[in-house]
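User: Please choose one part of the structure shown below and take me through it closely, in connected prose. I am in my first year, so please explain each term when it first comes up.

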Amino acid sequence: MKRRLDETDRRLIARLQENARIPTAALARDVGLSRSAVQERLERLEKSQTITGYTVQLGDSARPVLLAEVMIQLEQKQSAGVVGALQKIPHCIRCLAISGEYDLIAEVAADTPEELDGVLDRIGELSGIKRTSSSIILSTKFDRR
């Protein structure tokens with residue numbers, strides 16, 4: 001049986017999303033619990049796979065210059081092969097299955113327009129892809145991940 005998150009769990013998760021390296025003592029102060037109570041909650045959240053890892057978020061100087069969303073329409077029953085091929089492209093940093101006219105969205109990162117153009121060509125040439133439509137991301141207005 002899956003345990004629901006309470007308000008304290010949500011506050012802990014929100015703080016960790018802001019800064020995954022925040023010390024346990026600071027987390028405890030922020031949510032009004034003891035360090036040991038926070039550690040127990042974090043262990044439970046990790047064990048239940050509510051929290052599956054901690055990560056580094058890159059600053060602007062370390063991020064690729066260009067990001068693009070590639071909408072992908074697949075030939076019938078080609079999803080697994082296309083997803084596998086996309087995973088082998090280092091510039092493809094995320095792939096989402098979607099409903100509607102397109103089947104997948106691939107997020108692509110590149111440092112130059114030429115590099116992005118080459119990656120988009122490579123994706124378009126993959127076996128099992130019917131058609132693609134790409135949009136370059138101009139800015140991020142907010143990101144709650």
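Analyst: A good place to begin is a pair of facing residues: methionine 71 has isoleucine 105 in β3 as its bridge partner. Before going further, please keep in mind that this is a predicted model, in which local features need pLDDT of at least 70 and side-chain atom pairs count only at pLDDT 80 or more, while totals for chains, interfaces and linings use all residues. Residues are numbered from 1 along each chain as its sequence is written, and side-chain values use heavy atoms, with hydrogens and water left out.

The names of the elements also need a word, since helices (H or I, at least four residues) and strands (E, at least two) are DSSP runs, numbered from the N terminus. Two strands are said to pair if DSSP finds at least two bridges between them. As background, the strands of a sheet pair through backbone hydrogen bonds, either parallel or antiparallel.

With these terms in hand, the sheet can be described as a whole: four strands form an open sheet in the order β2-β3-β1-β4, and the pairing is antiparallel. β2 (92-97) and β4 stand at the edges with a single partner strand each, so one side of each has no neighbour in the sheet. From one strand to the next, the twist averages 20°, where axes are lines fitted to C-alpha atoms, for helices over the stretch in contact, and angles run from 0 to 180 degrees between N-to-C directions.

Let us now follow the pairings one by one. β1 and β3 pair in the antiparallel sense over seven bridges, and within this pairing isoleucine 72 has leucine 104 of β3 as its bridge partner. Leucine 104 is also the bridge partner of alanine 97, and β2 and β3 pair over five antiparallel bridges. These two strands form a hairpin with six residues between them, and glycine 100, in the turn, has a positive phi of about 110°. β1 also pairs with strand β4 (residues 129-137), in the antiparallel sense and over eight bridges; here valine 70 stands opposite serine 134, and glutamine 73 stands opposite arginine 131.

What surrounds β3 in this model? Seven of the seven residues of β3 are buried, so the strand is largely enclosed by the rest of the structure; buried means under 20% relative accessible area, exposed over 50%, and partly exposed in between, with a 1.4 Å probe and protein chains only. Both faces of β3 are covered, with Leu104, Ala106, Val108 and Ala110 buried on one side, and Ile105, Glu107 and Ala109 buried on the other.

Helices lie against the sheet as well. α4 lies across β1, β2, β3 and β4, running at about 10° to β3, while α5 packs on the sheet and touches β1, β3 and β4, its direction making about 10° with that of β1. Contact here means heavy atoms within 4.5 Å.

In soluble globular proteins, nonpolar side chains tend to be buried together. A nonpolar core is a set of buried Ala, Val, Leu, Ile, Met, Phe, Trp, Tyr and Cys residues joined through side-chain atoms within 4.5 Å. The largest such core has 18 residues, of which Ile72, Leu86, Ile89, Ile123 and Ile129 touch the most other members. At least two residues of this core are supplied by each of β1 (66-74), α4 (79-87), β3 (104-110) and α5 (113-124), and β1 gives the largest share, five residues. Leaving aside residues up to four places away in sequence, isoleucine 89 touches Val119, Arg122, Ile123 and Leu126.

A last detail lies just beyond the strands, in the loop between β1 and α4, where lysine 77 is found. The phi of lysine 77 is near 55°, a positive value in a residue other than glycine, and this lysine counts as exposed because its relative accessibility is 81%.
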